[in-house]
Amino acid sequence: MALTQAQKAKIKEKLSEALHKNGRDNFECSVCGNKGFTIADGYANLSTSDKIGNVVLGGQNLPNAAIVCDNCGHTYFFNLIVLGVSKDGKE
Ligand SMILES: [Zn+2]
């Protein structure tokens, strides 16, 4: 399911707040230096497991927004709970 414009706007707002809180005005790709990014059209829920190689469907996960560099494709993951987009990993 695609993210709504409101969901993307909230991610952008909270990411901007995090940057400013840390004294930065913009975000630059660490690989190519590009300043243009796209918010992926869905949450990136990274599953966690206590065993290497296990994939647990329906188990715990880290809810993230994926921010993709428009030039090289390098992708950053930002935890939605830490950003303040979600209080408990749910909407
Ligand atoms: Zn890049």
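Helices and strands here are DSSP runs, a helix having at least four residues and a strand at least two. With that in hand, start the tour. The model is predicted.

**Whole chain**

Show the full chain as a cartoon. Two helices and four strands make up its secondary structure. Follow the sequence, and the order reads α-β-β-β-β-α. Along the principal axes, the C-alpha atoms fill a box of roughly 40 × 25 × 25 Å. The chain has 91 residues, and 13% of them are buried. Now consider the contacts with a separation of 6 or more. Of these, 51% join residues 24 or more positions apart.

**Stop 1: helix H1**

Select residues 5–21. This is H1, a helix of 17 residues. From first C-alpha to last it reaches 24 Å, close to the 24 Å expected at 1.5 Å a residue.

Pick Gln5, which lies in H1. Is Gln5 buried or exposed? Gln5 counts as exposed, because it has 8 C-beta neighbours inside 10 Å, and the cut-off for exposed is 12 or fewer. Next, add Asp41 to the selection. Gln5 and Asp41 are 36 residues apart along the chain, yet 9.7 Å separates their C-alpha atoms.

Step to Gly23, just after H1. Its phi is positive, about 75 degrees.

**Stop 2: the hairpin of E3 and E4**

Select residues 61–69 for strand E3. Add residues 75–79 for strand E4. How do E3 and E4 pair? They run in the antiparallel sense, over five bridges. Five residues sit between the strands of this hairpin. One of the residues to pick here is Gly73, with a positive phi near 90 degrees.

**Stop 3: Ala65**

Stay with the two strands and pick Ala65. Across in E4, its bridge partner is Phe78. Which residues is Ala65 in contact with, leaving aside neighbours within four places in sequence? They are Ile11, Ile39, Tyr43, Ala44, Phe78 and Leu80.

**Stop 4: the core**

Ala65 also belongs to the largest nonpolar core. Select all 10 of its residues: Ile11, Leu15, Cys29, Phe37, Tyr43, Ala65, Ile67, Cys69, Leu80 and Val85. Two elements, H1 and E3, give two or more residues to this core. E3 gives the most, with three. In soluble globular proteins, nonpolar side chains tend to be buried together.

To finish, keep the core on display and bring back H1 and E3, both contributors to it.

Technical notes:
Residues are numbered from 1 along each chain as its sequence is written. This is a predicted model: local features need pLDDT of at least 70, side-chain atom pairs count only at pLDDT 80 or more; totals for chains, interfaces and linings use all residues. The expected span of a helix is 1.5 Å times one less than its number of residues. A nonpolar core is a set of buried Ala, Val, Leu, Ile, Met, Phe, Trp, Tyr and Cys residues joined through C-beta atoms within 7 Å. A residue is buried if 20 or more other C-beta atoms lie within 10 Å of its own, exposed if 12 or fewer, and partly exposed in between; C-beta atoms are placed from the backbone. Two residues are in contact if their C-beta atoms, placed from the backbone, lie within 7 Å. Two strands pair if DSSP finds at least two bridges between them.
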